[in-house]
Amino acid sequence: MPPSTSSLSDPAYSMPRLQEDNCVICGDQVKSNRLGAPACLSCMIFFRRGVIRNAGFVCPRNKDCCVVNELRASCRHCRFQKCLQSGMKPSFVVTRDTLGPRTPPPTVIDIPKNLMEPLVELQDSLLEDHQKIHPPRRATIADVNKMFKWSFNDSIKWASNFEPFLRLTNEQQKCVISEYGFAFFIIDQGFENAKHWKKRCWILQNGTFLYSDYFKDLEDSRGILEYDPDLIRTHSEFVEYLETSIKRQFQILQIDKFEVAVLKTLLLFSSSFPKRHIFTEFQEKTDAYKNKCLEELMAYLSEKYPTSCEMRFGKLILFMGDIRSAIKVVYNHTKISDLFDSSQFDMFVRSFFLS
């Protein structure tokens, strides 16, 4: 799911940055200043290719295009000119190339000895911030918007514990979070719903709920005939799907908070968003994180479920497939539901949705 080109308007929810300085060309994260100006990796590669190919870029407009992170690829002429105006030197590219290929430094795989325990503590802290509504009531579109905001924000905080995510560009981070935030939305609600055995009901993180019966506790006084029958049907199917595919699995397996933290961690590096190879540059490190996570999960299960640890291990891994399927169902529901109408969400939430 590629991210929207909408910019984030809420500074409290901005992406984490590795450095305080921004690229002088587009504003993204600075990678180096070895070409004469502090620039991000994308602008450095763009400038280097332009110099090597002696490209004669042409502006399709008036040679005054806006060059910022999300629009930097829209006009190569204005971007290249801004590189020059910002201090990038073509001669620096030539000098670098005459030295031949650089020998990459040896990869250092530094994985915490105890990976999951701090993440379980982080999870407890994040869940404590999910304030419950009292008394419980039917969810509104404002509630759904707030739940997505919690989910996207929490997923950013979680992913920021892993170096490969922090080393991505802002655009790549948004691509990851555009799917990963949905995983948090589903997992946190599934964990909450497993505590309640009321049927045909789905509970959001703040305690508001959706009944499969669209009209239950609906305060709108319009006549039933005024409602779109397809909207009512898809609402009912959506709630029943979540109850069957997610809530029931949480209840059957009695998934605990350690296992929830493992699912969240594994899903970060096992995503199915369109740019599947987004972590390729850090594949060795991400594999090490996944292996460490699986190792700690097996050790935990061996102690808690000594006679069935392997079977439970397999069921938890297979459950990740159900979560991925639910991500697509929830996303598709935002295109047809009044309560999940993404066009009504705030700018921060909408920035992670497909346009």
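## The fold at a glance

Helices here are DSSP runs of H or I with at least four residues, strands are runs of E with at least two, and both are numbered from the N terminus. With that settled, remember that you are looking at a predicted model. Its secondary structure adds up to 12 helices and 2 strands. Starting at the N terminus, the order of elements is α-α-α-α-α-α-α-β-β-α-α-α-α-α.

The protein has 355 residues, and 47% of them count as buried. Take the contacts between residues at least 6 apart in sequence: 73% of these join residues at least 24 apart.

## How α7 sits against α9

Two packed helices are described by the angle between their axes and the distance between the axes. For helix α7 (residues 170–193) and helix α9 (residues 257–268), the angle is about 165 degrees and the axes are 10 Å apart. Since angles over 145 degrees count as roughly antiparallel, that makes α7 roughly antiparallel to α9. The crossing of α7 with α9 is right-handed.

Who does the touching? On the α7 side you'll find Val176, Tyr180, Ala183, Phe184, Ile187, Asp188 and Phe191, and they meet Lys257, Val260, Leu263, Lys264, Thr265, Leu267 and Leu268 of α9. Sorted by class, this contact of α7 with α9 has 10 nonpolar, 1 polar and 3 charged residues.

## Phe279, between α9 and α10

Follow the chain past α9 and you get to Phe279, in the loop that leads to α10. Is Phe279 buried or exposed? Buried means under 20% relative accessible area, so Phe279, at 7% relative accessibility, counts as buried.

Leaving aside residues up to four places away in sequence, Phe279 touches Pro164, Phe165, Leu168, Val176, Leu268, Phe269 and Thr286. Some of these names come up elsewhere: Val176 of α7 and Leu268 of α9 are also part of the contact between those two helices, and Thr286 is one of the buried residues of α10. As for spacing, Phe279 and Gln172 are 107 residues apart along the chain, yet their C-alpha atoms are separated by 9.3 Å.

## Helix α10

Next up is helix α10 (residues 283–304), with 22 residues. From its first C-alpha to its last, α10 reaches 31 Å, close to the 32 Å expected at 1.5 Å a residue.

An α-helix has 3.6 residues a turn, so residues three or four places apart point the same way. In α10, the buried residues are Lys285, Thr286, Ala288, Tyr289, Lys292, Cys293, Glu296, Leu297 and Leu301. What do they pack against? Their partners are α4 (116–128), α6 (163–166), α9 and α11 (309–333).

## Backbone oddities worth a look

Most residues other than glycine have a negative phi, and most peptide bonds are trans. Here are some spots that go the other way. The peptide bond from His134 to Pro135 is cis, with omega near -10 degrees. Pro135 lies in the loop joining α4 and α5 (141–159).

Asp217 isn't a glycine, but its phi is positive, at about 65 degrees. You'll find Asp217 in the loop between β2 (209–211) and α8 (229–253), and its 45% relative accessibility is why it counts as partly exposed. Gln254 also has a positive phi, near 50 degrees, without being a glycine. The home of Gln254 is the loop between α8 and α9; because its relative accessibility is 60%, Gln254 counts as exposed.

How values were computed: Residues are numbered from 1 along each chain as its sequence is written. This is a predicted model: local features need pLDDT of at least 70, side-chain atom pairs count only at pLDDT 80 or more; totals for chains, interfaces and linings use all residues. Side-chain values use heavy atoms; hydrogens and water are left out. Axes are lines fitted to C-alpha atoms, for helices over the stretch in contact, and angles run from 0 to 180 degrees between N-to-C directions. Angles under 35 degrees count as roughly parallel, over 145 as roughly antiparallel, 65 to 115 as roughly perpendicular and the rest as oblique. A crossing is left-handed if the near helix is turned anticlockwise from the far one by less than a right angle, and right-handed if clockwise. Contact means heavy atoms within 4.5 Å. Ala, Val, Leu, Ile, Met, Phe, Trp, Tyr, Cys and Pro count as nonpolar, Asp, Glu, Lys and Arg as charged, and the others, Gly among them, as polar. The expected span of a helix is 1.5 Å times one less than its number of residues. Buried means under 20% relative accessible area, exposed over 50%, partly exposed in between (1.4 Å probe, protein chains only).
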